[in-house]
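Biologist: I'm new to this one. Can you walk me through it?
Modeller: Sure. Let's pull it up.

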Amino acid sequence: MDQVRVSVITIGDELLIGQVIDTNSAWIGQALNKIGVWVHRRLAVGDEWNEIWKALDDESAVSNVILITGGLGPTADDITKPLLCEYFSGKMITDEATLEHITYLFTEVFKRPLPLLESNSRQALVPDVATVLKNEVGTAPNMLFEKDGKIFISMPGVPHEMKAAMNNHVLPLLQQRFQLPYIGHRTLLTAGIGESFLAERIKGFESSLPSNIKLAYLPNYGMVRLRLTAQGDKEKTERELNERFAILKEEVKDVLAVDEDIPFEILVGKLLRQHNKTVSTAESCTGGYIAHLITSIAGSSDYFKGSVVSYSNSIKENVLQVNNETLSTVGAVSEETVKEMISGVLKVMQTDYAMAVSGIMGPGGGSEDKPVGTVWIAVGNTEKIETKRMHFRFDRKRNIELTAVNALYLLYRFVKTNS
């Protein structure tokens, strides 16, 4: 086979009602793209026999690879396996290797003292027309079917089990069966300019791109990511991308934040480790979310010492030594307060750099002078402190995320300039 068109079907009522966010499809799309495969279509369906059957018919009509996640559990609402058995005209048999693996998991890994439940052992039942692909990290087997030249692979909906199936079985299979093109990306992040103004600025650059290179605008967190994508011969594609990316960076150099597609919590960590420096945070409105982002990165203990979540004014005063007069005159959400929070946390944590944030995340608590979404951010060291006032207009969760990302960006820029 020379070309591959992939459809992804995710199954589960919980996906349709928003109880569970479908992160599987996004991850699958990214994993496939890395090996030169574009997802043709994505479809979510509920635990409804006729809808799943129709989805298989519809997607196999337009794609030659159909990846399915979900509906393989031991409970009555998990109907994917019996449906696939009927769809491919098979009959259920016990796969002894799967049963042995399930028994091993429950006795040796999970250390369950009780015998296997019937519902657990029933997961070893598979259609006799399926090729079983071992689920190394779970109990529901992955299953491969082929029909009319089309490949169907059913995987569990549990994210870590799906990822194991993709890495261990699906991606190697596609690389073996198909002649895959090379897909290359170059991404940069701009700050301080809106998407429409950015598009107007670089419209000449965009119109000059050859047909094999596409430009995408990806606004997020009040910034805009620009991504160049090309596919074809690897050596030629890489050369063309590098040439065009250099031109793009020059076009946006005054608003260029970073020329890598890496989150700021990783970029900040790399920069601090490079200079052998440390950082701490003093967080009011974000409630420790900035510290959470930093510590989500393995090895962050090398450069992150800790955080003071000074949600109340008493903590600002008693721990961070913010002056009572400052709080009573200009208030907690002010430039003066975040400056004093920086000075305080630097003393408490004994770090080289620090971040401080104070704001009104909403939905209530705003005023005419300080409406909901008003945030003061400070970054600095013992010699210098820089501040920025921002105003976000979203819900509480989104405002917190925007505050955190912008604080990390300001720190990144400060460390680059003052190290």
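Biologist: Let's begin with the largest pocket. Which residues lie nearest its centre?
Modeller: Gly29, Gln30, Asn33, His185 and Arg227 lie nearest the centre. They belong to a lining of 21 residues. Keep in mind that this is a predicted model.

Biologist: How much space lies in that largest pocket?
Modeller: About 670 Å³.

Biologist: Which element gives the most to its lining?
Modeller: Helix 2, with eight residues. Helix 2 covers 23–34. Strand 2, helix 7, strand 9 (182–191) and strand 11 (223–232) each supply at least two residues as well.

Biologist: And how does the lining of the largest pocket split by class?
Modeller: Eight residues are nonpolar, seven are polar and six are charged.

Biologist: What about the second largest pocket, how much space lies there?
Modeller: About 560 Å³. Its lining has 16 residues, and Asn220, Tyr221, Arg225, Pro263 and Glu265 are the closest to its centre.

Biologist: Which elements give two or more residues to that lining?
Modeller: Strand 11, helix 11 (264–275), helix 12 (289–295) and helix 16 (396–417). By class, the lining of this second largest pocket has nine nonpolar, two polar and five charged residues.

Biologist: Switching to sheets. In what order do the six strands of the open sheet come?
Modeller: The order is 2-1-3-8-7-6, with mixed pairing. Strand 2 (39–45) and strand 6 (131–133) are the edges, and each pairs on one side only. On average, neighbouring strands here are turned by 20 degrees against each other, ignoring direction.

Biologist: Strand 3 and strand 8: parallel or antiparallel?
Modeller: Parallel, over five bridges. Strand 3 is residues 65–69, and strand 8 is residues 150–155. Within that pair, Ile66 stands opposite Phe152.

Biologist: Which helix packs on this sheet and touches strand 6?
Modeller: Helix 7, residues 159–177. Helix 7 also touches strand 3, strand 7 and strand 8. Its direction makes about 165 degrees with that of strand 8. Then there is helix 4 (residues 80–87), which lies across strand 1, strand 3, strand 7 and strand 8. Helix 4 runs at about 20 degrees to strand 7.

Biologist: Back to helix 7. What is His169 in contact with, beyond its sequence neighbours?
Modeller: Leaving out neighbours within four places in sequence, His169 contacts Leu133, Lys134, Glu136, Asn142 and Ala164. His169 lies in helix 7.

Biologist: How far is a polar atom of the His169 side chain from the backbone oxygen of Lys134?
Modeller: 2.8 Å.

Biologist: Now the sheet with five strands. What's the order there?
Modeller: That open sheet runs 14-13-15-16-17, and the pairing is mixed. Its edge strands are strand 14 (304–309) and strand 17 (385–391). Neighbouring strands are turned by 15 degrees against each other on average, direction ignored.

Biologist: How many bridges join strand 16 to strand 17?
Modeller: Seven, and the two strands run antiparallel. Val375 stands opposite Met390 in strand 17.

Biologist: Which helices lie across strand 16?
Modeller: Helix 15 (residues 335–349) lies across strand 16, along with strand 13, strand 14, strand 15 and strand 17. Helix 15 runs at about 140 degrees to strand 15. Helix 16 lies across strand 13, strand 15, strand 16 and strand 17. Helix 16 runs at about 25 degrees to strand 16. Helix 16 also came up earlier, in the lining of the second largest pocket.

Technical notes. Residues numbered from 1 in each chain as written. Predicted model: local features only at pLDDT ≥ 70, side-chain atom pairs only at ≥ 80, totals over all residues. Heavy atoms only, no water. Pairing = 2+ DSSP bridges. Helix = DSSP H or I, 4+ residues; strand = E, 2+ residues; numbered from the N terminus. Axes fitted to C-alpha atoms, helices over the stretch in contact; angles between N-to-C directions. Contact = heavy atoms within 4.5 Å. 1 Å grid on protein atoms, 1.4 Å probe; cavity = no way out; pocket = protein on both sides within 12 Å on 5 of 7 lines; lining within 4 Å. Points joined across faces, edges and corners; volume = space filled by probe spheres on them. Nonpolar A, V, L, I, M, F, W, Y, C, P; charged D, E, K, R; others polar. Polar contact = N/O pair within 3.5 Å; in protein donor to acceptor, adjacent residues only side chain to side chain.
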